[in-house]
Amino acid sequence: MTVKAYEGPSTVNGDNIMLGIGCEVKGSRNTKTGPMVQVGTMLRDVHPVEAVNNGADEAICGGCPLRPTIHAEMKAEGTEVSEFPCYVKKYYKVAQWKALKAASVDYDNALDVLAGRSVRFGEYGNLSSVPREVSEPLLKVTKNHTLYEHDWRNPENQWLALYAMASVHSIEEREEAHSMGWRTFRTGNSLESGEVFCPNYTHKIQCIDCNLCSGNSCGAKDIVNPPHK
Ligand code: SF4
């Protein structure tokens with residue numbers, strides 16, 4: 001079942017986007033997250049594969065350096081960037097995109113579906129591409145959640161530090177995000193002071209039982225995860 005929580009302009013560039021909740025009866029089969037409810041954003045009018053290839057994914061992913069078009073440019077320029085681009089398999093998103101396009105917005109149902117549940121926000125796209133008045137009530141009704149913010153430098157997104165990890169790709173970016181009040185999730189192969197490896201990497205603990213990636217509301221150390229393909 002797919003519940004549409006939002007359809008309207010992206011906060012990034014005004015293109016039409018959708019916020020969808022994938023609520024399989026037994027939760028997600030993602031082996032890393034465990035059976036969490038998954039919440040993600042998609043373009044309304046552009047096929048998910050086309051959006052990645054032509055750069056229209058900016059509306060939901062902003063300037064994230066893991067967007068394949070940006071990642072390829074940065075690698076070509078020799079700019080420091082994560083080893084691999086975004087790992088989300090867009091062709092798996094096509095059925096979800098079609099279902100979401102066909103659905104009507106039912107925000108009350110979205111709140112009901114998320115209430116008291118463990119939720120993975122940002123399963124695809126940046127939650128900050130959706131207006132705060134839509135996303136914050138959804139965050140607040142959950143039992144717990146995970147969330148990563150790629151556009152953490154944006155002044156409009158500072159409220160999300162309470163709920164989200166700043167997604168960073170270097171030690172310098174981590175220091176910058178820290179100075180702005182964010183906890184961080186960094187891709188890397190070694191630890192700096194104040195960081196721990198993701199417990200899924202070290203002990204196969206699933207996100208549903210860990211929940212360390214929930215921003216300042218958690219108060220734990222920063223997280224490091226080795227890059228993956
Ligand atoms: S630190 Fe915990 S919540 Fe974050 S990715 Fe790893 S297992 Fe999931």
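In the predicted model, strands E4 and E5 run parallel and are joined by three bridges. Within this pair, Val119 has His145 of E5 as its bridge partner. Strand E4 is also linked to strand E3 (residues 37–43), again in parallel and again through three bridges. Here Val39 stands opposite Phe121 of E4. Strand E4 is covered on both faces: Ser118 and Arg120 lie on one side, Val119 and Phe121 lie on the other, and all of these residues are buried. In general, the strands of a sheet pair through backbone hydrogen bonds, and the pairing may be parallel or antiparallel.

Strands E4 (118–121) and E5 (144–146) also contribute to the surroundings of helix H6, since the buried residues of H6 are covered by elements including these two strands, strand E1 (2–9) and helix H5 (107–114). Helix H6 spans residues 132–141, and its buried residues are Ser135, Leu138 and Leu139. Viewed down the axis of H6, these buried residues fall within an arc of 100°, and they therefore line one face of the helix. An α-helix has 3.6 residues a turn, so residues three or four places apart point the same way. The exposed residues Glu133 and Lys140 are carried on the face of H6 that is turned away from its buried side.

A further group of strands forms an open sheet. Five strands take part, in the order E6-E7-E8-E10-E9, with parallel pairing. Strand E6 (148–149) and strand E9 (195–197) stand at the edges; each has a single partner strand, so one side of each is left without a neighbour in the sheet. Strand E6 is joined to E7 by two bridges, and these strands run parallel. In this pairing, Tyr148 stands opposite Met165 in E7. On its way through the sheet, strand E7 (residues 165–168) is also joined to strand E8 (residues 184–187), in parallel, by three bridges. Ser167 stands opposite Phe185 in E8, while the bridge partner of Val168 in E8 is Arg186. The side chains of E7 alternate in direction: Met165 and Ser167 point one way, Ala166 and Val168 point the other way, and all are buried.

The ligand is surrounded by Thr146, Cys198, Pro199, Asn200, Ile205, Cys207, Cys210, Asn211, Leu212, Cys213 and Ile223. Two elements give two or more residues to this shell, namely helix H8 (199–203) and helix H9 (207–210). By character, the residues of the shell divide into eight nonpolar and three polar, with no charged residue.

Two residues in the loops beside these helices have positive phi values. Lys204, found in the loop between H8 and H9, has a phi near 60°, a positive value in a residue other than glycine. Because Lys204 has 9 C-beta neighbours inside 10 Å, this residue counts as exposed. Asn211, a member of the shell around the ligand, is placed in the loop between H9 and strand E10 (222–225). The phi of Asn211 is likewise positive, about 60°, although this residue is not a glycine. With 17 C-beta neighbours inside 10 Å, Asn211 counts as partly exposed.

Considered as a whole, the protein contains nine helices and 10 strands. The C-alpha trace spans about 45 × 40 × 30 Å along its principal axes. For 229 residues, a compact globule would have a radius of gyration near 17 Å; the protein has 17 Å, and the value therefore agrees with that expectation. Buried residues make up 41% of the 229 residues. Of the contacts with a separation of 6 or more, 65% are accounted for by residues 24 or more positions apart.

How values were computed:
Residues are numbered from 1 along each chain as its sequence is written. This is a predicted model: local features need pLDDT of at least 70, side-chain atom pairs count only at pLDDT 80 or more; totals for chains, interfaces and linings use all residues. A residue is near a molecule or strand if its C-beta atom, placed from the backbone, lies within 6 Å of it. Helices (H or I, at least four residues) and strands (E, at least two) are DSSP runs, numbered from the N terminus. Ala, Val, Leu, Ile, Met, Phe, Trp, Tyr, Cys and Pro count as nonpolar, Asp, Glu, Lys and Arg as charged, and the others, Gly among them, as polar. A residue is buried if 20 or more other C-beta atoms lie within 10 Å of its own, exposed if 12 or fewer, and partly exposed in between; C-beta atoms are placed from the backbone. The arc is that of the directions from the helix axis to the C-beta atoms. Two residues are in contact if their C-beta atoms, placed from the backbone, lie within 7 Å. The radius of gyration is taken over C-alpha atoms; the globule rule is 2.2 Å times the number of residues to the power 0.38. Two strands pair if DSSP finds at least two bridges between them.
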